[in-house]
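Q: Could you walk me through the labels used for this model, and how each one is earned?

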Amino acid sequence: MGSHTMSHLARSYVKFLNQAKASNLGQVRHMSGADHGDGWKLWKKIFFAGAIPVIILSHVNAFGMSDGSEHVPPPFIPYDHLRIRTKGFPWGDGNHSLIHNNHLNALPTGYEHGEGDH
């Protein structure tokens, strides 16, 4: 490139910058949240009118309307591929898992509680 071309590019760039500065002096950039100063009030109303009743109704549905059937263990079926103990657990008697629940987790021989111990 010749020196004439480079000086022409430099002058064009300076002219562009001067025009850009002049056109933006009177403009103020509006952010998206500038006009919504009370938006939090809307979300507060939505929370108290919508979310709180949904939470209360969910708790009533989950705990108040249960019939107790979730506490009845499933029937014990001695499948050959389940509850295989080739090596005992390193704690206790070696037959109970670390988070063993006597009511819900069966041992290889069946549940620890009797049928009347619900």
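A: Happily, and let's start with accessibility: buried means under 20% relative accessible area, exposed over 50%, and partly exposed in between, with a 1.4 Å probe and protein chains only. Lys 41 comes out at 39%, so it is called partly exposed. Before we go on, this is a predicted model, in which local features need pLDDT of at least 70 and side-chain atom pairs count only at pLDDT 80 or more, while totals for chains, interfaces and linings use all residues. Residues are numbered from 1 along each chain as its sequence is written, and side-chain values use heavy atoms, with hydrogens and water left out.

Q: What makes the contact between Lys 41 and Asp 38 a salt bridge?

A: The term asks for a side-chain nitrogen of Lys or Arg within 4 Å of a carboxyl oxygen of Asp or Glu. The closest N and O atoms of Lys 41 and Asp 38 are 3.9 Å apart, so the pair qualifies. The structure holds one salt bridge.

Q: Why is Asp 38 called exposed?

A: Its relative accessibility is 52%, and because that is over 50%, Asp 38 counts as exposed.

Q: How do you know which class His 100 and His 71 belong to, buried or exposed?

A: His 100 has a relative accessible area of 19%, which is under 20%, so His 100 is buried. His 71 has 53%, so it is exposed. Both His 100 and His 71 lie in the segment after H2.

Q: What makes the link between His 100 and Asn 102 a polar contact?

A: A polar contact is a pair of N or O atoms within 3.5 Å; within protein, one must be able to donate a hydrogen and the other to accept it, and residues adjacent in sequence count only if both atoms are side-chain atoms. The side chains of His 100 and Asn 102 are joined at 3.4 Å, so the distance fits.

Q: How do you know that the span of H2 agrees with its length?

A: Helices are DSSP runs of H or I with at least four residues, numbered from the N terminus. The expected span is 1.5 Å times one less than the number of residues. For the 26 residues of H2 that gives 38 Å, and its end C-alpha atoms are 36 Å apart, which agrees.

Q: Where does H2 bend, and what does the bend angle mean?

A: H2 bends by about 35° at Phe 47. The bend is the angle between axes fitted to the seven residues ending there and the seven starting there.

Q: Which class does Ile 77 fall into, and why?

A: Ile 77 has a relative accessible area of 40%, so it is partly exposed. Ile 77 lies in the segment after H2, and its C-alpha atom is 9.7 Å from that of Ala 106, 29 residues away along the chain.

Methods:
Helices (H or I, at least four residues) and strands (E, at least two) are DSSP runs, numbered from the N terminus.
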